[in-house]
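Me: Could you help me read this fold? I'm new to this, so please go slowly.

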Amino acid sequence: MRDEKRFWDRFSHIYTKFVSDSDRTYDEAAALIAPYIEPGMRVLELACGTGQFTLRLASLACEWYATDFSAAMLGRAARRAGSRGAAFGVADAYNLALPDASFDAALIGNALHIMPEPERAAASIRRVLKPGGLLFAPTFVRSGVPANAAHIRFIRAIGLRVYNNFDAASLREWLAGQGFELMESEIAGGERKPMCCAIARLR
């Protein structure tokens, strides 16, 4: 885990630019999530990166707490978000120092596939969600398109580890196995870098 944190701290200064070619995909995924966020909600965001979803969605909730285990990534997210109403804190998704049943919804964006043990993050999310709470899990998934495979090889070459190479079906199955009932699942973006925007409810 310590090596992972060092990688993301180092990568933070170029991460926003690195994912900028997916801005339209993030827009599409945020548009799918937005109708589920009600003004009175408390939302926990895990692995917020440099704020790709924070910037697009935080202002919709009553409280939005964006977290990442990389202080460098989190600092860049906070600077980019400005006055959008989000609070920020360094947090390990595996071991959240937050009260039980304290959030109406959680968002973990494009992180499940790069976590060595995503089941531990799912357990943390279940604990901090209120009964029937929502989980937004937009995740880049594989496709059969050669350009997609080439992109995965590239990110591995720069040191970004993909531990769980989900496709849309296996992501849905994984969420069901973690105690969540799928409500909606749509693909955002094109075939080269598809993002499965899975929305589920805690059973």
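Me: How many bridges join β1 to β2, and are these strands parallel or antiparallel?
Reply: Strand β1 (residues 42–46) and strand β2 (residues 63–68) are joined by 4 bridges, and the two run parallel. Strands pair here if DSSP finds at least two bridges between them, and strands (E, at least two residues) and helices (H or I, at least four) are DSSP runs numbered from the N terminus. One bridge links Arg 42 to its partner in β2, Glu 63.

Me: Before we go on, what kind of model is this?
Reply: It is a predicted model, in which local features need pLDDT of at least 70 and side-chain atom pairs count only at pLDDT 80 or more, while totals for chains, interfaces and linings use all residues. Residues are numbered from 1 along each chain as its sequence is written, and side-chain values use heavy atoms, with hydrogens and water left out.

Me: OK, what is the strand order in the sheet?
Reply: The sheet is open, has 7 strands with mixed pairing, and follows the order β3-β2-β1-β4-β5-β7-β6. Its edge strands, each pairing on one side only, are β3 (86–90) and β6 (180–188).

Me: And which strands does helix α2 lie across?
Reply: Helix α2 (residues 23–33) lies across β4 (103–108), β5 (129–140), β6 and β7 (195–202), and it runs at about 25 degrees to β7; such angles run from 0 to 180 degrees between N-to-C directions, with axes fitted to C-alpha atoms, for helices over the stretch in contact. Helix α7 (residues 168–177) also packs on the sheet, where it touches β5, β6 and β7, and its direction makes about 160 degrees with that of β6.

Me: Changing topic: where is Tyr 163?
Reply: Tyr 163 is in the loop between α6 (146–157) and α7.

Me: Why does Tyr 163 count as partly exposed?
Reply: Tyr 163 counts as partly exposed because its relative accessibility is 33%, where buried means under 20% relative accessible area, exposed over 50%, and partly exposed in between (1.4 Å probe, protein chains only).

Me: Which residues does Tyr 163 touch?
Reply: Leaving aside residues up to four places away in sequence, Tyr 163 touches Glu 4, His 113, Ile 114, Met 115 and Pro 116, a contact being heavy atoms within 4.5 Å.

Me: Last one, how much of the whole chain is buried?
Reply: Of the 203 residues in the protein chain, 50% are buried.
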